[in-house]
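Colleague: I'm new to this one. Could you show it to me and take a few questions?

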Amino acid sequence: MKKIKLKLFLFLTSFLFIISCEKEKVSMNKALPLVIAHRGASGYLPEHTLEAKAYAYALGAHYLEQDIVLTKDNIPIIMHDPEIDTTTNVAEIFPERARKDGRYYSVDFTLREIKSLKLSERFDPKTGNPIYPNRFPLNEYNSKIPTLEEEIQFIQGLNKSTGKNVGIYPEIKKPFWHKQQGKDISKIVIEILHKYGYKSKEDKIYLQIFDFDELKRIREELDYKGKLVMLIGENDWDEAPTDYEYIKSEEGIAEVAKYSDGIGPWIPQVIIDGKVTGLISLAHKHKMEVHPYTMRIDALPSYVKNANELLNLLFNKAKVDGVFTDFPDVVLGFIRK
């Protein structure tokens, strides 16, 4: 009987030790900065393909990004820009469908037409040359453009089969421009997010946007209760009718904090010539997370010699809460050291 009790005691002790270790691991994981796969593992596979998302998932990214635009028949698709001629063969398949500016836009094509296109590595539509020459070869694979629903189903399916809980990080692209085309992209996207269970701040989602007026509308008029992130661009980017210089000010950050859970600044806005700016501490003062974009090992700033130097500045000096990256394995390797 004593031996049985001893074995039972040892078993229970071992069991509780394992449980405590697992809890410690979870706690440690929560403390780690977030690794957000920018358009998937886009440093290795063409951006916004399901293949790029699957690889980012396998590498261990915490969140996978989705840029969202609408088709002519109001279907949200995953594409970085309303202009679809930088990552597809649309000019070859529909040469007569360009607008007066010579560009091809998602809202001028039905989903059926969009699905007839081939998705490739990003290139300059004027020259046909790849933007990142050392990445995946152009026109080497026949990927298709996913819809928002297809991508959510894909990620949730992987979560079910692997037991993980990888999050999504969608961006509503250019809502002001979409309104000029007669389309309410925010309303359509929020309805789909709700359909798939992304409703609260406890759900694994950050919803990002460059347009401050639309961010306020999403929170108030559309009553979205999940986590919101205010993206910060430059005023000459033509992203939205938002004054980003004001947004970066103390008054602007305080105003953003009334609606948003975080900010997504451009890396040159938080580190200038190797020196950390005050933007991050200002956001943290107002209880907002900071997730800057984009860490690329093949497009590093001049003030660092390698990716680790930049990551050291971001995580150890600037104290960011996460980072967007085309190379999630590199960032994960750094933060797990």
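Modeller: Sure, here are some questions and answers on helices, cores and empty spaces; keep in mind that this is a predicted model.

Colleague: Let's start with helix α14. Do its buried residues line one face of the helix or fall all around, and within what arc?

Modeller: Helix α14 covers residues 328-335, and its buried residues are P328, V331, L332, F334 and I335. Looking down the axis, you see them on one face of the helix, because they fall within an arc of 160 degrees.

Colleague: And what covers those buried residues of α14?

Modeller: The residues to be covered are P328, V331, L332, F334 and I335. Both strands and helices turn up in the cover, which includes β1 (34-37), α2 (50-59), α13 (307-317) and β11 (322-325).

Colleague: Is I152 buried or exposed?

Modeller: I152 sits in helix α5, residues 148-162. Leaving out neighbours within four places in sequence, I152 touches I168, I192, L193, Y196 and Y198. Its relative accessibility is 1%, and the cut-off for buried is under 20%, so I152 counts as buried.

Colleague: Which residues have the most contacts inside the largest nonpolar core?

Modeller: That core has 76 residues. Take I218: beyond its neighbours within four places in sequence, I218 is in contact with I172, S186, I190, L207, I209, D223, Y224 and L228. Apart from this core lies another, of twelve residues, with V69, I77, Y104 and F109 among them. Back in the largest core, the residues with the most contacts are L193, I218, I263 and L314.

Colleague: Now the empty spaces. Which residues are closest to the centre of the largest pocket?

Modeller: This pocket has a volume of about 780 Å³. Its lining takes two or more residues from each of β2 (63-70) and α11 (267-270). There are 33 lining residues, and the closest to the centre are R39, W266, Y293, T294 and R296.

Colleague: How many charged residues does that pocket's lining have?

Modeller: Sorted by class, the lining has 16 nonpolar and five polar residues. The charged ones number twelve.

Colleague: What about the largest cavity: how many of its lining residues are charged?

Modeller: A search of the whole structure turns up one cavity of 30 Å³ or more, and the largest cavity has a volume of about 60 Å³. Its lining is made up of H38, R39, S42, E47, E121, R122, Y132, R135, R296 and D326. Split by class, that gives one nonpolar, two polar and, for the charged ones, seven.

Methods
Residues numbered from 1 in each chain as written. Predicted model: local features only at pLDDT ≥ 70, side-chain atom pairs only at ≥ 80, totals over all residues. Heavy atoms only, no water. Buried < 20%, exposed > 50% of the residue type's maximum accessible area, 1.4 Å probe, protein only. Helix = DSSP H or I, 4+ residues; strand = E, 2+ residues; numbered from the N terminus. Arc of directions from axis to C-beta. Contact = heavy atoms within 4.5 Å. 1 Å grid on protein atoms, 1.4 Å probe; cavity = no way out; pocket = protein on both sides within 12 Å on 5 of 7 lines; lining within 4 Å. Points joined across faces, edges and corners; volume = space filled by probe spheres on them. Nonpolar A, V, L, I, M, F, W, Y, C, P; charged D, E, K, R; others polar. Core = buried A, V, L, I, M, F, W, Y, C linked by side-chain atoms within 4.5 Å.
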